[in-house]
2 protein chains.
Amino acid sequence: MRALCVEDDPRIAADLAGALGRAGFAAEICGDGEEAWFLGDTEEYGLIVLDLGLPRMDGLSVLKRWRAAGRQVPVLVLTARGSWQERVEGIDAGADDYLPKPFRMEELVARARALVRRSAGQGAPRQEIGALSLDTTRMTVAIGGQPVAVTALEYRLLAYLALHRARPVPPTELLDHLYGDEDAREANALEAVVARLRRKLGRGVIATRRGFGYQIEGAA
Amino acid sequence: MRALCVEDDPRIAADLAGALGRAGFAAEICGDGEEAWFLGDTEEYGLIVLDLGLPRMDGLSVLKRWRAAGRQVPVLVLTARGSWQERVEGIDAGADDYLPKPFRMEELVARARALVRRSAGQGAPRQEIGALSLDTTRMTVAIGGQPVAVTALEYRLLAYLALHRARPVPPTELLDHLYGDEDAREANALEAVVARLRRKLGRGVIATRRGFGYQIEGAA
DNA sequence: CCCCGGCTGACAGTTCGCTGACAAGCCGCG
DNA sequence: CGCGGCTTGTCAGCGAACTGTCAGCCGGGG
């Protein structure tokens, strides 16, 4: 899991990155408020450790901007200023936790773990099978990173194949899943859907295994 | 929202309950570890403030039992013991936040609010999604900085879409949220509301994903 | 060589969602 | 109590996107 350490003192930043690294994070360092804002807005982190005193943009402003933009990444705020007013301000800005300097690395790591554990319940489930990637939250499909527009029916078919990627899925089962067993469709309807998908995704994504069914290619 | 204050000193407990009450919680008091464990296990609270030094059962044990039983209620731990080892232990036991005594009631309330806000899945009081900005405390909407007057119903729809911006929201879910499942409305009512909103906000704010639902545009 | 399972492109029926108009409810105000 | 404005559900018509069907094609296996 990626972690971002925003801290202008290079020595502390290195310590932070080291401790987080030993705790299993892939830690990156950033010493500048504006760059931090940009990184947090564009990259995907599982955790951000944010110092408040920063050059070019104050840490609180950075945090507020992230939250205003809807970024939900867990943020742990560090500060040298220990007054309770400052703490209240930090928390109201959207910090998930707050740690006054000086602190022990052990405590920081424990809090970081707690934050990550807490936010683990709401991850973005994304499946990648070969070049195909399928975001089950947004209900979007991409092939080799390029987004592809698919219809609801096509999406349901793909999602079902992805879920059962380990085996070929027989046409009867797909028909049942897509239409419900009461509403009987001609078998050809399925082939038509597959054909349309293949046209959108390119060959080499949905494989036909004659007599067995369909299976997503590159599925182990 | 109900809050439980677990604290054996009656004076502090009363202070806690008072402060939380003024912050909008329905605060209850409990001074005994075992009773606290029972209450937290059987009742529904939106927040629990837990002191560690308790008669009959230690606060940490209470917390661990709740977590072992799968209770997800936000817990804010208080303690007189301020060493970092104790704090690490509390956090690893499953505390969502930690406050060393002595503390200011203002800070406790701020942290309590943050915990509740976080567990409700809602971020900052102001959200910006593309050109759309939505102030959830003042219940106002602006597009490109220009305030837009919306009705209560329209606002609730927008707020719901904003909260679930990461995914397309199916019409059935929106109908449930806006009207409650008992009061069945024609599906077209929803489309009418969306149409009115689009007329006010302009195109390119609420996107329709045919077969999936509605989604706020520019939701990354 | 023929057959059969599966594929494809075209086409048309159907569904889905949008819009403008209208009327019923709701609320404040005189 | 009546009135007017605002909100909001319903209706009907429309356009576009979706999707099932069909006829013909392909390719491998017997």
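This tour visits the protein surface at DNA strand C, the surface at DNA strand D, and one aspartate in chain B.

The model is predicted, so that local features need pLDDT of at least 70 and side-chain atom pairs count only at pLDDT 80 or more, while totals for chains, interfaces and linings use all residues. Residues are numbered from 1 along each chain as its sequence is written, chains are lettered from A and ligands numbered from 1 in the order in which they are written, and side-chain values use heavy atoms, with hydrogens and water left out.

**First selection: DNA strand C**

Select DNA strand C and the 20 residues around it, of which A:R198, A:T208, B:R198, B:T208 and B:Y214 come nearest. Sugar and phosphate make up 60% of the strand C atoms that come within 4 Å of the protein. A residue is counted as near a strand if one of its heavy atoms lies within 4 Å of it.

Next, display the side chains of A:R198, A:R203 and B:T208. An N or O atom in the side chain of A:R198 is 2.5 Å from a phosphate oxygen of strand C. For A:R203, a polar side-chain atom lies 3.1 Å from a phosphate oxygen of this strand. In B:T208, a side-chain N or O atom is 2.6 Å from a phosphate oxygen of strand C. The elements giving two or more residues to this surface are α8 (187-201) of chain A and α8 (187-201) of chain B; helices (H or I, at least four residues) and strands (E, at least two) are DSSP runs, numbered from the N terminus.

**Second selection: DNA strand D**

Move to DNA strand D, which 21 residues surround; the closest are A:T151, A:Y179, A:E186, B:T151 and B:R196. Here sugar and phosphate account for 55% of the strand D atoms within 4 Å of the protein.

Two side chains point out base positions. A polar side-chain atom of B:R196 lies 2.6 Å from a base oxygen of strand D, and one of A:N188 lies 3.4 Å from a base nitrogen. At B:E186, a backbone N or O atom lies 3.1 Å from a phosphate oxygen of strand D. Colour α8 of chain A, which gives the most to this surface, with five residues.

**Third selection: B:D97**

Finally, select B:D97 in strand β5 (residues 97-100) of chain B. Is B:D97 buried or exposed? B:D97 counts as buried because its relative accessibility is 4%, buried meaning under 20% relative accessible area (1.4 Å probe, protein chains only). Its side chain makes a polar contact with the side chain of B:R111 at 2.7 Å. Such a contact is a pair of N or O atoms within 3.5 Å; within protein, one must be able to donate a hydrogen and the other to accept it, and residues adjacent in sequence count only if both atoms are side-chain atoms.

Technical notes:
Buried means under 20% relative accessible area, exposed over 50%, partly exposed in between (1.4 Å probe, protein chains only).
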